[in-house]
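Here is my note for your first reading of this model. Keep the structure open beside the text and find each residue as it comes up.

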Amino acid sequence: ETMGRYSDIPKYPVVNSHPRPGEVMANFRSKDYMMMLGCGAASLPFGWMAGTSRLPQMRVPSMVTAAIVGATGGFCIAFQQSGFRLMGFVANDEEVKLAKQ
């Protein structure tokens, strides 16, 4: 499945054609939170290895930095997917059900 662009015609029902950042974040699913957590956790070994290469005392600060960068990347992916669901570019059955209530 390809990701949508603003110039594309939505394939699914549009819940909100121009969602604000707060609305996009309020629409996060547990899968989106898992994306942030997973990306942050997957970054830990890279931070450990980067800190180990030259200065062993930098292992923990390097791991923390890598986890923050990974979680930020996960947030960006989650934000994009949540926005795409609201705009109808990806499957959005749950959003459509909630909007009808």
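Some terms first. A residue is buried under 20% relative accessible area, exposed over 50%, and partly exposed in between, using a 1.4 Å probe and protein chains only. This is a predicted model: local features need pLDDT of at least 70, side-chain atom pairs count only at pLDDT 80 or more, and totals for chains, interfaces and linings use all residues. Numbering starts from 1 along each chain as its sequence is written, and side-chain values use heavy atoms, with hydrogens and water left out.

1. **Overall fold.** The protein has four helices and zero strands. Its elements run α-α-α-α from the N terminus on. Helices here are DSSP runs of H or I with at least four residues, strands are runs of E with at least two, and both are numbered from the N terminus.

2. **Overall shape.** How spread out is the protein? Its radius of gyration is 18 Å, well over the 13 Å that the globule rule gives for 101 residues, so the protein is more spread out than a compact globule. The radius is taken over C-alpha atoms, and the rule is 2.2 Å times the number of residues to the power 0.38. Along the principal axes, the C-alpha trace spans about 55 × 25 × 20 Å.

3. **Surface and contacts.** Of the 101 residues, 28% are buried. The accessible surface is about 7000 Å², and 66% of that belongs to carbon and sulfur atoms. Areas come from the Shrake-Rupley method with a 1.4 Å probe; for residues, only the protein chains shown count as cover. A contact means heavy atoms within 4.5 Å. Among contacts with a separation of 6 or more, 76% join residues 24 or more positions apart.

4. **Helix α3.** This helix has 29 residues. From its first C-alpha to its last it reaches 42 Å, close to the 42 Å expected at 1.5 Å a residue. The expected span is 1.5 Å times one less than the number of residues. Its buried residues include Ser-62, Ala-66, Gly-70, Gly-74 and Ala-78. What do the buried residues of α3 pack against? They pack against α1, α2 and α4 (93-100). Just after α3, Gly-88 takes a positive phi of about 85°.

5. **A serine facing α3.** Ser-43 sits in helix α2. At 14% relative accessibility, Ser-43 counts as buried. It touches Ala-66, Ala-67 and Gly-70, leaving aside residues up to four places away in sequence. Two of these partners, Ala-66 and Gly-70, are on the list of buried α3 residues.

6. **Aromatic rings.** The whole structure contains four aromatic pairs. Rings of Phe, Tyr and Trp (its six-membered ring) pair if their centres lie within 6.5 Å; planes under 30 degrees apart are stacked, over 60 edge-to-face, and the rest tilted. Phe-28 and Phe-75 make an edge-to-face pair, 5.9 Å centre to centre with 65° between the planes. This pair links distant parts of the chain: Phe-28 is in the loop between α1 (21-26) and α2, while Phe-75 is in helix α3 (residues 59-87), 47 residues apart. Phe-28 is buried at 11% relative accessible area, and Phe-75 is partly exposed at 28%.

7. **The second ring pair.** The centres of Phe-75 and Phe-79 are 5.8 Å apart and their planes meet at 40°, so this pair is tilted. Both lie in helix α3, four residues apart, about one turn of the helix. Phe-79 is partly exposed, with 28% relative accessible area. Phe-28, Tyr-33, Phe-75 and Phe-79 form one aromatic cluster.

8. **Cysteines.** A disulfide is a covalent bond between the sulfur atoms of two cysteines. The test here is a pair of cysteine sulfur atoms within 2.5 Å. The structure holds zero disulfides. Why is Cys-39 not bonded to Cys-76? The sulfur of Cys-76 is the closest cysteine sulfur to that of Cys-39, but at 9.8 Å it is too far for a bond. Cys-76 is partly exposed, at 47% relative accessibility.

9. **Distances to check.** Met-49 lies in helix α2 (residues 30-52) and is partly exposed at 49%. Pro-61 is in helix α3 and is partly exposed at 38%. The C-alpha atoms of Met-49 and Pro-61 are 12 Å apart, with their positions 12 residues apart along the chain. Pro-61 and Val-96 are 35 residues apart along the chain, and their C-alpha atoms are separated by 43 Å.
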